[in-house]
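Q: Please examine the helical part of this model closely. I should like a connected account of selected residues and of how helices are packed.

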Amino acid sequence: MRMRPRLGLLTTTHAVNDFYQGAVPVVLPFLVIERGYGYAAASGFTLAATFLSSLLQPAFGILADRVRRGWLIAVGMLVAGLGIGLSGVTGEYWLTWCAIAVSGIGVAAYHPEAARAARDASGGSARGMSWFSVGGTLGSAGAALVVAPVLGGTGLAGTPLLALPALVLAVVTLPLLRSRTVTVEAVPPPVTGRDDWRAFGWLTAVVVVRSVIAYGVHSFLALLLISRFQVSDVAATLAVLAYTGTGVAGTLLGGRMADRLGRVATVRIGLALCPPGAIGLMVAPNLGLALLAAVVIGLGVFIPFAVDVTLGQEYLPGRIGTASGVTLGLSVSAGGVVAPLLGLLADAHGLVTVFAVMACVPLAGLAVCRFLPETRSRKGSS
């Protein structure tokens, strides 16, 4: 599939938008070191970025269903950037908390309208949605490569520099997103069928399961490798990058698989890969096999990513914005709400116990998948 120009534009905005979601955990160590915040206070910032975002995603989805507001794509991305940009220049804890919460609200405002636009631009194919989703994965993963060097050189006073990508791209894209000329190649799939809220409810449960696994692995993979194999921080960070890099390949692979094997079948395959990957991380006798296990669980986590969004849109053909807001929004934020609980579990029982949970959680998702009706693929749209 050759990406259409409009889909390419949306993929780029998705990368920049989710860069700010990925920036939060990278900024936290600088807040702890420079301001002396404890771990509980630091976890409050994670909740600020994810909890409000999760709550507001459906509201923005409903808004997107009622009125098409293409400008929300640029403005949501800009607000996400400005929130992170202000997070380091405010000395008070509550002001920093509000700045990060505002960034989360911007992320929430962006996703429903952007995901609906991506569906239109791709003709409803899971493969097209996978390209859009990869943008978010790349942006979130790239935050570690950008934020740490910038703040390492400037300290928290440099956070306004992080807002520049959103500011520049918003200025460039806002006129394009409001213009009808960029929609020439967009062929929205026809709205057919009735909204299946029961199926969508089960799908939401699967999305939450996937998000918990994704956040759990991303948060604790490096720590587990350091603990088990006494590797350096740099080596552990490279392992996380390998995991997220696998995620890019998994997202694209999932879109291709879904258009050929079916949406629900692809979700099942992804979830089925997660338990052996998690168990491999727990029992691998050396770092090499542990990295292989990280690749397996990375594929398992990311193969269903774009497919979940496409399924949600097909279960609610009359509520595309709502479906996009819930599936795409919860997939990048629900796990952040659960992450502090996993941290408490790690403190009490060790990191291996956390990955034992990561091995069991996918089984709940697989059990729920039996209630998901399959939808027809769109081979012709790819």
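A: R119 lies in helix α4, which covers residues 93-122. In this predicted model, the relative accessible area of R119 is 6%, and the residue is therefore buried, the limit being under 20%. R119 also has a partner remote in sequence: S324 stands 205 residues away along the chain, yet the two C-alpha atoms are 9.5 Å apart in space.

A second buried position is T310, a residue of helix α12 (residues 305-315). Its relative accessibility is 1%, so T310 counts as buried. When neighbours within four places in sequence are set aside, T310 is in contact with G124, A126, M129 and R263.

One of these contacts, R263, leads to helix α10, which comprises residues 263-283. R263 is itself among the buried residues of α10, and others are V264, T266, V267, G270, L271, C274, P275, G277, A278, G280 and L281. In general, an α-helix has 3.6 residues a turn, so residues three or four places apart point the same way. The length of α10 can also be checked: at 1.5 Å a residue, its 21 residues should span 30 Å, and the end C-alpha atoms are 32 Å apart, which agrees.

The packing of helices comes next. Two packed helices are described by the angle between their axes and the distance between the axes. Helix α1 (residues 5-35) packs with helix α5 (residues 126-154) at an angle of about 40°, and their axes are 5 Å apart. The crossing of α1 and α5 is right-handed. Sorted by class, the residues of this contact are 16 nonpolar, 11 polar and one charged.

For helix α8 (residues 197-229) and helix α14 (residues 351-369), the angle is about 160° and the axes are 9 Å apart. Angles over 145 degrees count as roughly antiparallel, and α8 and α14 are therefore roughly antiparallel to each other. Their crossing is left-handed. The contact of α8 with α14 contains 20 nonpolar and three polar residues, with no charged residues.

Finally, Q230 belongs to the loop between α8 and α9 (233-261). Phi of Q230 is near 55°, a positive value in a residue other than glycine. With a relative accessible area of 62%, Q230 is exposed, because the limit for that class is over 50%.

Definitions and conventions: Residues are numbered from 1 along each chain as its sequence is written. This is a predicted model: local features need pLDDT of at least 70, side-chain atom pairs count only at pLDDT 80 or more; totals for chains, interfaces and linings use all residues. Side-chain values use heavy atoms; hydrogens and water are left out. Axes are lines fitted to C-alpha atoms, for helices over the stretch in contact, and angles run from 0 to 180 degrees between N-to-C directions. Helices (H or I, at least four residues) and strands (E, at least two) are DSSP runs, numbered from the N terminus. Angles under 35 degrees count as roughly parallel, over 145 as roughly antiparallel, 65 to 115 as roughly perpendicular and the rest as oblique. A crossing is left-handed if the near helix is turned anticlockwise from the far one by less than a right angle, and right-handed if clockwise. Ala, Val, Leu, Ile, Met, Phe, Trp, Tyr, Cys and Pro count as nonpolar, Asp, Glu, Lys and Arg as charged, and the others, Gly among them, as polar. The expected span of a helix is 1.5 Å times one less than its number of residues. Buried means under 20% relative accessible area, exposed over 50%, partly exposed in between (1.4 Å probe, protein chains only). Contact means heavy atoms within 4.5 Å.
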